[in-house]
Amino acid sequence: MRGSLNKFNKLVEALQELPTIGKKSATRLAYHMLIKDSFVGMKISHAIEEGLGCLKKCSSCGGMSEDDLCFICCDERRDNSLLCIVENAKDILLLEENALFDGRYFVLESLDELDMSSLVKMVSSGIKEVVFALTPSIANDAVMLYIEDKLSSFDINYSKIAQGVPTGVSLENIDLLSLTRALEDRVRV
């Protein structure tokens, strides 16, 4: 029977390559797109094709864009004195969707690919504060120190997003790093 469903199995395998999609989910999605509602499958196929043909990295911040510069870098109403350094372009979408930040962004992606010249160019355009919005880890702490060192010739304040115990989570369910940071960064009440 497997031989007669090659194209279905190929789609299931392709869907499994997506993050957080296992075999069961991939099978459900493939079945829905091909059998239950093929219009949805065609819509998804078309959207993927268009996205692959149009989306690229913003030449300034590294975020997603359909043009050379993204809509954020083109927006003159943004606070050009604030720069938020994020790990990937998805982080920008999350912050923007919830209107949590009104400055500019810089996508880090990886230290190997870190283009200090474009970061220096952004900082030299009037940045007064760099906000690190990176996943808490020892490695990212080192990245922050590296960037601070490379930008030491500029008069910039540095900050990072708050870390610690999330609201509504009991201490027994908190990892040691988060609990340690929460205690170190405690505030007066």
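Is Ala 99 buried or exposed? At 68% relative accessibility, Ala 99 counts as exposed. The close-up views below are all taken from a predicted model.

**View 1. Ala 99 in the loop between H5 and S4.** Ala 99 is not a glycine, yet its phi is positive, at about 50°. Most residues other than glycine have a negative phi. The flanking elements are helix H5 (89-97) and strand S4 (104-107). Since exposed means over 50% relative accessible area, the 68% of Ala 99 places it in that class.

**View 2. Thr 20 in the loop between helix H1 (6-16) and helix H2 (23-36).** Thr 20 also has a positive phi, about 70°, although it is not a glycine. Its relative accessibility is 81%, so Thr 20 counts as exposed.

**View 3. The largest nonpolar core, with 33 residues.** The members that touch the most other members are Leu 83, Ile 85, Val 86, Tyr 105, Leu 119 and Ile 147. At least two residues each come from helix H4 (71-74), strand S3 (82-86), helix H5 (89-97), strand S4 (104-107), helix H6 (116-123), strand S5 (129-133) and helix H7 (138-150). The most come from S3, which gives 5 residues. In soluble globular proteins, nonpolar side chains tend to be buried together.

**View 4. Surroundings of Leu 83.** Leaving aside residues up to four places away in sequence, Leu 83 touches Phe 101, Arg 104, Tyr 105, Phe 106, Leu 119, Met 122, Val 123, Ile 127, Glu 129, Val 130 and Val 131. A second core, separate from the largest one, has 6 residues, among them Phe 8, Val 12, Ala 30 and Met 33.

**View 5. Helix H7 and its buried side.** The 13 residues of H7 should span 18 Å at 1.5 Å a residue, and the end C-alpha atoms are 19 Å apart, which agrees. Asn 140, Val 143, Met 144 and Ile 147 are the buried residues of H7. They lie on the same side of the helix because they cover an arc of only 100° around the axis. An α-helix has 3.6 residues a turn, so residues three or four places apart point the same way. The buried residues of H7 pack against S3, H6, S5 and strand S6 (157-160). Ile 138, Leu 145 and Asp 149, on the other side of H7, are exposed.

**View 6. Helix H2 and its buried side.** H2 has 14 residues and reaches 18 Å from its first C-alpha to its last, close to the 20 Å expected at 1.5 Å a residue. Ala 26, Ala 30 and Met 33 are buried in H2. Their arc around the axis is only 70°, so they sit on the same side of H2. The buried residues of H2 pack against H1 and H3. On the other side of H2, the exposed residues include Lys 24, Arg 28, Ile 35 and Lys 36.

**View 7. Crossing of H2 and helix H3 (residues 38-54).** The axes of H2 and H3 come within 5 Å and cross at roughly 110°. Angles of 65 to 115 degrees count as roughly perpendicular, and H2 and H3 are therefore roughly perpendicular to each other. H2 contributes His 32, Met 33, Leu 34 and Lys 36 to the contact, while H3 contributes Ser 38, Val 40, Gly 41 and Ile 44.

Conventions: Residues are numbered from 1 along each chain as its sequence is written. This is a predicted model: local features need pLDDT of at least 70, side-chain atom pairs count only at pLDDT 80 or more; totals for chains, interfaces and linings use all residues. Side-chain values use heavy atoms; hydrogens and water are left out. A nonpolar core is a set of buried Ala, Val, Leu, Ile, Met, Phe, Trp, Tyr and Cys residues joined through side-chain atoms within 4.5 Å. Buried means under 20% relative accessible area, exposed over 50%, partly exposed in between (1.4 Å probe, protein chains only). Helices (H or I, at least four residues) and strands (E, at least two) are DSSP runs, numbered from the N terminus. Contact means heavy atoms within 4.5 Å. The expected span of a helix is 1.5 Å times one less than its number of residues. The arc is that of the directions from the helix axis to the C-beta atoms. Axes are lines fitted to C-alpha atoms, for helices over the stretch in contact, and angles run from 0 to 180 degrees between N-to-C directions. Angles under 35 degrees count as roughly parallel, over 145 as roughly antiparallel, 65 to 115 as roughly perpendicular and the rest as oblique.
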